[in-house]
Amino acid sequence: MRAGRSPAAAAALLASALAAALAVSLTAGCTTSREPSGDDGRSASQKRSPGGDRPSAVAAAVLAVKIDNAPAARPQTGLGAADVVYAEQVEGGLSRLMAVYATRLPKAVGPVRSARESDLELLRQFHQPVLAFSGAQGRLLPLIDRAPLDAVTPSDASGAYFRGADRAAPHNLFVRPSGLLSSAPGAAALTTGFRYGPGPSGGTATASRTVRYPAARFTFTWSASRAGWLVSTDGAAAGTSDGVPLAPATVVVQYVKVRASRFHDFLGNNTPYTETVGSGKAQVLRDGRAYDVNWKRGTATEGTDFTTADGAPVGFARGQVWVVFTNASSAAPTSASPAAAPAASPSSVSAVSPASNAAPARAPASHAP
């Protein structure tokens with residue numbers, strides 16, 4: 001003990017030093033914690049429930065899962081059970097998916113990948129959704145933690161996630177929805193603004209439609225036998241790991257503003273921000289026809305309205321819906337009649353001849369838990 005310092009003063013000084021050390025430790029943990037696979041060099045969310053441990057499962061909320069769409073991640077698991085699948089452009093002109101589950105929960109979903117800033121705006125339309133993702137860019141984590149959603153990474157609920165044995169990381173992380181939701185919340189939780197029912201009058205008979213990103217493309221080919229649009233990704237038929245082709249009943253090609261965000265990936269590529277609040281043009285594909293329509297989403301807490309030129313609501317076909325966001329500044333709605341594909345552009349849409357309807361190859365091994 002230093003001369004002249006009372007025991008009480010020394011104890012107070014020691015307590016202060018310990019508190020400061022603890023604060024530094026906690027701060028470091030929030031900025032350096034990483035998902036085990038090092039998904040894109042991204043960090044894991046540090047959000048926790050008040051008791052320090054996340055509840056084993058929650059109900060009455062949709063489950064949204066960020067899903068890898070790189071070639072090494074295909075075919076995906078559990079994608080066919082989603083009520084809505086959103087496709088967005090990410091770094092390097094590639095694509096990534098977000099699947100939303102409300103009416104049924106598959107045994108497993110994946111591969112699970114990292115979140116983006118624009119996901120937070122898109123998910124505001126749901127009440128306290130559960131977001132399953134592998135991590136996020138370090139500076140984005142505070143925004144995710146403050147968002148009105150339940151963000152769940154493997155570090156939050158390790159028992160709900162597992163690694164597949166037939167793929168290399170980071171394309172082998174899967175989630176068991178039953179570990180995050182006690183049950184499917186039901187269709188009422190899908191506050192997307194979508195309306196289901198008979199299609200509008202008019203439209204144009206359409207064999208297929210292609211949406212291009214700088215380094216990815218989706219083609220949707222009408223299949224009367226499946227009453228849906230067979231999905232091809234980068235020229236290859238898309239399906240699930242159990243060999244079932246993906247065939248959404250309705251496809252929406254939504255023209256939005258895609259701008260640079262404040263964030264970059266670990267290679268320095270800027271992360272695009274897809275603006276889903278606002279208004280613009282869209283094309284709705286259903287029952288083998290294409291309809292040019294308008295879309296409007298007034299605020300982030302609202303769903304999206306799709307209307308015809310005279311303001312009438314557009315009915316979607318019952319079944320899975322895919323929404324593909326494409327940049328309005330580099331493409332304009334085209335006629336739904338079959339036509340030759342235009343020259344490649346940063347993000348464009350074209351009508352093309354029917355693609356192969358062959359089912360995708362079966363995955364080497366099942367990803368069931």
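Which residues is Val65 in contact with, leaving aside its neighbours within four places in sequence? The tour below returns to that selection after a general view of the chain.

**The whole chain**

Display the full chain as a cartoon, bearing in mind that this is a predicted model. The protein chain has three helices and 21 strands. Of its 369 residues, 50% count as buried. Among contacts between residues at least 6 apart in sequence, 66% join residues at least 24 apart.

Next, colour the chain by pLDDT. The average is 80, and 71% of the residues score at least 70. Select residues 48–56, where the pLDDT is below 50; this stretch has 12 contacts in the model beyond near neighbours in sequence. Then select residues 339–369, over which pLDDT also stays under 50. For residues 339–369 the model has 84 contacts beyond four places in sequence. Where pLDDT is low, the predicted coordinates should not be read in detail.

**The nonpolar cores**

Select Val65 and show the side chains around it. Leaving aside neighbours within four places in sequence, the residues in contact with Val65 are Leu97, Met98, Ala99, Tyr101, Val109, Val112, Ala132 and Val175. Val65 belongs to the largest nonpolar core, which has 40 residues. Val65, Tyr101, Val175, Leu180, Phe220 and Trp322 are the members with the most contacts inside this core. Another core lies apart from it and has 38 residues; Phe126, Val258, Val314 and Phe325 are among them.

**Thr103 and its surroundings**

Move to Thr103, in the loop between strand E3 (95–101) and helix H2 (117–123). Its relative accessible area is 41%, so Thr103 is partly exposed. Select Asp83, Ala184, Gly186 and Ala187 as well: Thr103 touches these residues, not counting those up to four places away in sequence. With Asp83, the side chains make a polar contact at 2.6 Å. A C-alpha to C-alpha distance drawn from Thr103 to Pro185 gives 6.5 Å, although the two are 82 residues apart in sequence.

**Asp156, a loop residue**

Select Asp156 in the loop between strand E5 (150–152) and strand E6 (161–163). Is Asp156 buried or exposed? Its relative accessibility is 12%, so Asp156 counts as buried. Add Thr153 to the selection and show the backbone: the backbone nitrogen of Thr153 lies 2.8 Å from a polar atom of the Asp156 side chain.

**The aromatic cluster**

Show the rings of Phe194, Tyr196, Phe306 and Phe316, which ring pairs link into a cluster. A search of the whole structure finds 11 aromatic pairs. In one of them, Tyr196 and Phe316 meet edge-to-face, with 6.2 Å centre to centre and 85° between the planes. Because Tyr196 lies in strand E8 (residues 195–196) and Phe316 in strand E19, this pair ties together parts that are 120 residues apart in sequence. Tyr196 counts as partly exposed at 29% relative accessibility, whereas Phe316 is buried, with a relative accessible area of 0%.

Now turn to Phe306 and Phe316. Their ring centres are 5.6 Å apart and their planes stand at 45°, so the pair is tilted. Phe306 is in strand E18 (residues 305–307) and Phe316 in strand E19, 10 residues apart. At 5% relative accessibility, Phe306 counts as buried.

**Arg318, beside Tyr196**

Keep Tyr196 displayed and add Arg318, in the loop between strand E19 (315–316) and strand E20 (321–327). Arg318 counts as exposed, at 67% relative accessibility. Not counting residues up to four places away in sequence, Arg318 touches Tyr196 and Ala249. Select Pro198 too: its C-alpha atom is separated from that of Arg318 by 9.4 Å, with their positions 120 residues apart along the chain.

**The E16–E17 hairpin**

Finish with strand E16 (residues 278–286) and strand E17 (residues 289–297), which run antiparallel and are joined by nine bridges. Select Ser279 to find Lys296 of E17 standing opposite. The hairpin has two residues between the strands, and Asp287 takes a positive phi near 55°.

Methods
Residues numbered from 1 in each chain as written. Heavy atoms only, no water. Core = buried A, V, L, I, M, F, W, Y, C linked by side-chain atoms within 4.5 Å. Buried < 20%, exposed > 50% of the residue type's maximum accessible area, 1.4 Å probe, protein only. Contact = heavy atoms within 4.5 Å. Helix = DSSP H or I, 4+ residues; strand = E, 2+ residues; numbered from the N terminus. Polar contact = N/O pair within 3.5 Å; in protein donor to acceptor, adjacent residues only side chain to side chain. pLDDT = per-residue confidence, 0-100. Pairing = 2+ DSSP bridges. Phe/Tyr/Trp six-rings, centres within 6.5 Å; stacked < 30°, edge-to-face > 60°.
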